[in-house]
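Hi everyone, thanks for coming. I'd like to walk you through one structure today, so let me put it up on the screen.

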Amino acid sequence: KGSRDLDQVGRSGDKLSKTFKGLESRIKGMTTGLKIFGGIFTSVVAGKAVASAAAFEKGMSAVRATTNANTADMKKLTAEALRLGASTKFTAGEASDAMLKLSMAGFTANETYKATADTLALASAGALGLGESADIASNVLAGFDLKVKDLARVTDVMAKAASSSNPSVQELGFALSYVGPVAEQSGLSIE
């Protein structure tokens, strides 16, 4: 009887050993699958980061071309785009897009540098894209014959008007860009 019990314990041990080996094999398979998934996930994230960095560099190159900025100006503009990307809801790439729109509107490198933060503020206030915000800002400034130093004032006026009336920032910007020249010639301010 003791020999039979030992045989039964041995068979039970063999079954348990086979079960653990099967479990070990399955865990190894899962680990391999997780490693593959992790690798794919990392590749996708890294790919997006590289694409984002490339788009940013392309945007800043376009800013350099439209402003004819020197190396010192480009360092300042790049640092500002990166700062705004880190401190606002917008990315550095979006900030470079706003810079490009401003420079395409005829802003110098220094004016673009000074106007970008206010352009982002206008975009936030009006729920606009940065390119659209830059277009509106430059059109209103030009319409009222204002300087870049007046952009914060223009942004404040437009945000207040949009929040206390029916028209959106886009509609106000459109109207002000047309009314601006006549208002400016008549001695009326944007307020």
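Let's start with R83 and E80, whose side chains meet in a salt bridge with an N to O distance of 3.0 Å. By salt bridge I mean a side-chain nitrogen of Lys or Arg within 4 Å of a carboxyl oxygen of Asp or Glu. Both residues sit in helix α2, which covers residues 71-87, and they are 3 residues apart, about one turn of the helix. Helices here are DSSP runs of H or I with at least four residues, strands are runs of E with at least two, and the numbering goes from the N terminus.

Is each partner buried or exposed? R83 is partly exposed, at a relative accessible area of 43%, while E80 is buried, at 7%. For the cut-offs, buried is under 20% relative accessible area, exposed is over 50%, and partly exposed is in between, using a 1.4 Å probe and protein chains only.

Before I go on, a word on where this comes from. This is a predicted model, so local features need pLDDT of at least 70 and side-chain atom pairs count only at pLDDT 80 or more, whereas totals for chains, interfaces and linings use all residues. Residues are numbered from 1 along each chain as its sequence is written, and side-chain values use heavy atoms, with hydrogens and water left out.

Searching the whole structure gives 4 salt bridges. Which residues are linked in a network of them? Those are K149, D150, R153 and E191. Within that network, R153 pairs with D150, with the closest N and O atoms 3.6 Å apart. R153 is partly exposed at 31% relative accessibility, and D150 is buried at 13%. R153 also bridges to E191, at 2.6 Å from N to O. R153 belongs to helix α6 (residues 151-163) and E191 to the segment after α7 (169-185), so this pair ties together parts that are 38 residues apart in sequence. E191 itself is exposed, at 58%.

Now for the chain as a whole. It has 7 helices and 0 strands, so to speak a plain α-α-α-α-α-α-α pattern along the sequence. Of its 191 residues, 30% count as buried. Taking contacts, meaning heavy atoms within 4.5 Å, between residues at least 6 apart in sequence, 60% join residues at least 24 apart.

One buried residue to look at is T119, in helix α4 (residues 109-126). Its relative accessible area is 0%. What does T119 touch, leaving out residues up to four places away in sequence? The list is A98, L102, L130, S133, A134, A137 and L151.

Let's finish on the surface. The chain exposes about 11800 Å², and carbon and sulfur atoms supply 59% of that. These areas come from the Shrake-Rupley method with a 1.4 Å probe, and for residues only the protein chains shown count as cover. F174, Y178 and V179 form a nonpolar surface patch, with about 370 Å² of accessible area together. Patch members have over 30% relative accessible area and no salt bridge; like charges are joined within 9 Å, and nonpolar side chains (Val, Leu, Ile, Met, Phe, Trp, Tyr) within 5 Å. F174 is in helix α7 and is exposed, at 56%.
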